[in-house]
Amino acid sequence: MKSLPYKDILHTKQFARADLEMIFETARDMEKIISWESPGKLLDGKIMASLFYEPSTRTRLSFESAMKRLGGEVITVSDGEMSSLSKWESLEDNAIINAMYSDILVMRHPESGSVEQTAGVVKTPVINAGDGANQHPTQALLDVYTILKERKTLDHLHIAIVWDLKYGRTTHSLVFLMWLFEWVSFSFISPEELKMPQKVIDFVEEKKIPHLETADYSEGIKQADVLYVTRMQRERFTDMSEYDRLKDDYILNLSILEWAEKSNITIMHPLPRVNEVAKEVDALPNAAFFRQAENGVPIRMALLYLLLHENR
Ligand code: CP
């Protein structure tokens, strides 16, 4: 029986290529279960605690949908103010209690490292659903699964990532995952203020991955097979005048796409979007962002199944 060689999913550096192949193969099986009229029974009797101390639509609801499609149950904190963390309970105590009531914890929290801290004090599996500006590993898994479905390969791809690379945790997780594939290269397109963090640049340099850092959309998009657009993470800015100054600078529209040499460039976005992709882009056959969000359910079903079925 297939299983992952670790208890938790905390960051994308933990994955080997073989893990991804197993997760994607399982996700394809899960797509069949989604098409059934009645839910599957693979996680019958299991309980997932869905702990969201920051807002979410896609991650929380797709995890909850995934658990229910496998026959499991869900308990939820969807508003951090309603948790005893807001009464200054420590993360550790809160984690111990949550783990008593469930078989797996799925957690989003505004502080980098908080989910890893939680995983360190419980035997229950813990999945990072986004920790501050650090990582969002399950988003990166569904992003890579989407790239595979859209491009039919994960090798020999040039990926352009644009806009808020400083706070956009999904972009960090994506880079740490895509390096597993052959001849991958990147363009990092952003204003100076929102450049990719040094830890990501150090990583691509250490792995000798070709990459370009530029503020020029036309230069960064030129060779790209995939364009990954991110939202400016308004909630993480300490200086709102900086946000206001930059918030209209990198809007993707049909004119910008003319700079791409590959007319079938795959356009992705983890969503939610504010203004960064003009609505006129939505109708393009290569605009993949809604299919990308849909892929969240089979990927998260695969993760829940692979982490939980051995404990049955
Ligand atoms: N992509 C993503 O994480 O979306 P949510 O914030 O809605 O979960």
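This report walks through a five-stranded sheet, the helices packed on it, and one further helix in a predicted model.

## Ground rules

Local features here need pLDDT of at least 70 and side-chain atom pairs count only at pLDDT 80 or more, while totals for chains, interfaces and linings use all residues. Residues are numbered from 1 along each chain as its sequence is written, and side-chain values use heavy atoms, leaving out hydrogens and water.

## The sheet

Helices (H or I, at least four residues) and strands (E, at least two) are DSSP runs, numbered from the N terminus. Five strands make an open sheet in the order β7-β6-β5-β8-β9, with parallel pairing; two strands pair if DSSP finds at least two bridges between them. At the edges sit β7 (211-214) and β9 (266-268), each pairing on one side only. From one strand to the next, the twist averages 15 degrees.

Strand β6 (residues 185-189) runs parallel to β7, joined by 4 bridges. Here S187 stands opposite L212 in β7.

## Helices on the sheet

Helix α6 (residues 169-178) packs on the sheet and touches β5, β6 and β8 (contact means heavy atoms within 4.5 Å). Its direction makes about 165 degrees with that of β5. Axes are lines fitted to C-alpha atoms, for helices over the stretch in contact, and angles run from 0 to 180 degrees between N-to-C directions.

Helix α5 (residues 137-151) lies across β5 (158-162), β8 (226-229) and β9, running at about 160 degrees to β9.

## Helix α3

In α3 (residues 91-100), L91, N94, A95, N98 and A99 are buried, meaning under 20% relative accessible area (1.4 Å probe, protein chains only). These buried residues pack against β1 (47-52), β3 (104-109) and α4 (114-119).

Note on methods. Buried means under 20% relative accessible area, exposed over 50%, partly exposed in between (1.4 Å probe, protein chains only).
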